[in-house]
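Hi,

Here is the structure I promised to pass on. Have a look first, and my notes on the aromatic rings follow below.

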Amino acid sequence: DLLLNSKNYVMERLIKILLVEDDKSLGKILKSYLTSKGYPTVLCCNGEEALNRFNRESFDFIIVDVLIPIIDGFSLAEKIRKSSKDIPIVFLTGVRDKEHIEAVLRLKPAGYLLKPASVDTIFDCIQRIL
């Protein structure tokens, strides 16, 4: 996706986000917010759907919940890392126990946000990483 000015010169490429969140209401709120801030966002509700979209489309940033259906967030991040080492992955999760946090940190994410995180906090995290 490219932005064009009035003379049709390419100004910048939009950052496209893959959001993986099984809480549909939270996912819709985040997708709407991020899209309104200029980040086209694709929402997937499980890891399998997200992996299929990732393999078919180009994304610049990924936000993933840890506990999602079919393919969990850990496994999804590992699969994505095999094909794209540079894409920033931020975990957004309610998981707070030491074992899960250590497992996430071994994947070297760009960020780890605990729910409930405000949309502004998530947006600030994206801005800081990009």
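**Rings and their neighbours**

In this predicted model, lysine 37 places its charged end over the ring of phenylalanine 123, at 5.3 Å from the ring centre. A second lysine does something you may like as well: the charged end of lysine 16 sits over the ring of phenylalanine 59, 4.9 Å from its centre.

Back to phenylalanine 123, which also has an aromatic partner. Searching the whole structure gives 2 aromatic pairs. One of them joins tyrosine 33 and phenylalanine 123 edge-to-face, with 6.1 Å from centre to centre and 85 degrees between the planes. Tyrosine 33 belongs to helix H1 (residues 24-36) and phenylalanine 123 to helix H5 (residues 119-129), so this pair ties together parts that are 90 residues apart in sequence.

Are these two rings' residues buried or exposed? Tyrosine 33 counts as buried because its relative accessibility is 16%, under the 20% cut-off. Phenylalanine 123 is buried too, with a relative accessible area of 14%. Ring pairs also bring in Tyr39, giving a cluster of Tyr33, Tyr39 and Phe123.

A word on confidence before you dig in. The protein chain has a mean pLDDT of 87, and 90% of its residues reach 70 or more. Please be careful with residues 1-11, though: pLDDT stays under 50 there, and the model has 16 contacts beyond four places in sequence for that stretch.

Happy to talk it through whenever suits you.

Best wishes

Definitions and conventions:
Residues are numbered from 1 along each chain as its sequence is written. This is a predicted model: local features need pLDDT of at least 70, side-chain atom pairs count only at pLDDT 80 or more; totals for chains, interfaces and linings use all residues. Side-chain values use heavy atoms; hydrogens and water are left out. Rings of Phe, Tyr and Trp (its six-membered ring) pair if their centres lie within 6.5 Å; planes under 30 degrees apart count as stacked, over 60 as edge-to-face and the rest as tilted. Helices (H or I, at least four residues) and strands (E, at least two) are DSSP runs, numbered from the N terminus. Buried means under 20% relative accessible area, exposed over 50%, partly exposed in between (1.4 Å probe, protein chains only). A charge sits over a ring if NZ of Lys or CZ of Arg is within 6 Å of the ring centre and within 35 degrees of the ring normal. pLDDT is the predictor's confidence in each residue, from 0 to 100. Contact means heavy atoms within 4.5 Å.
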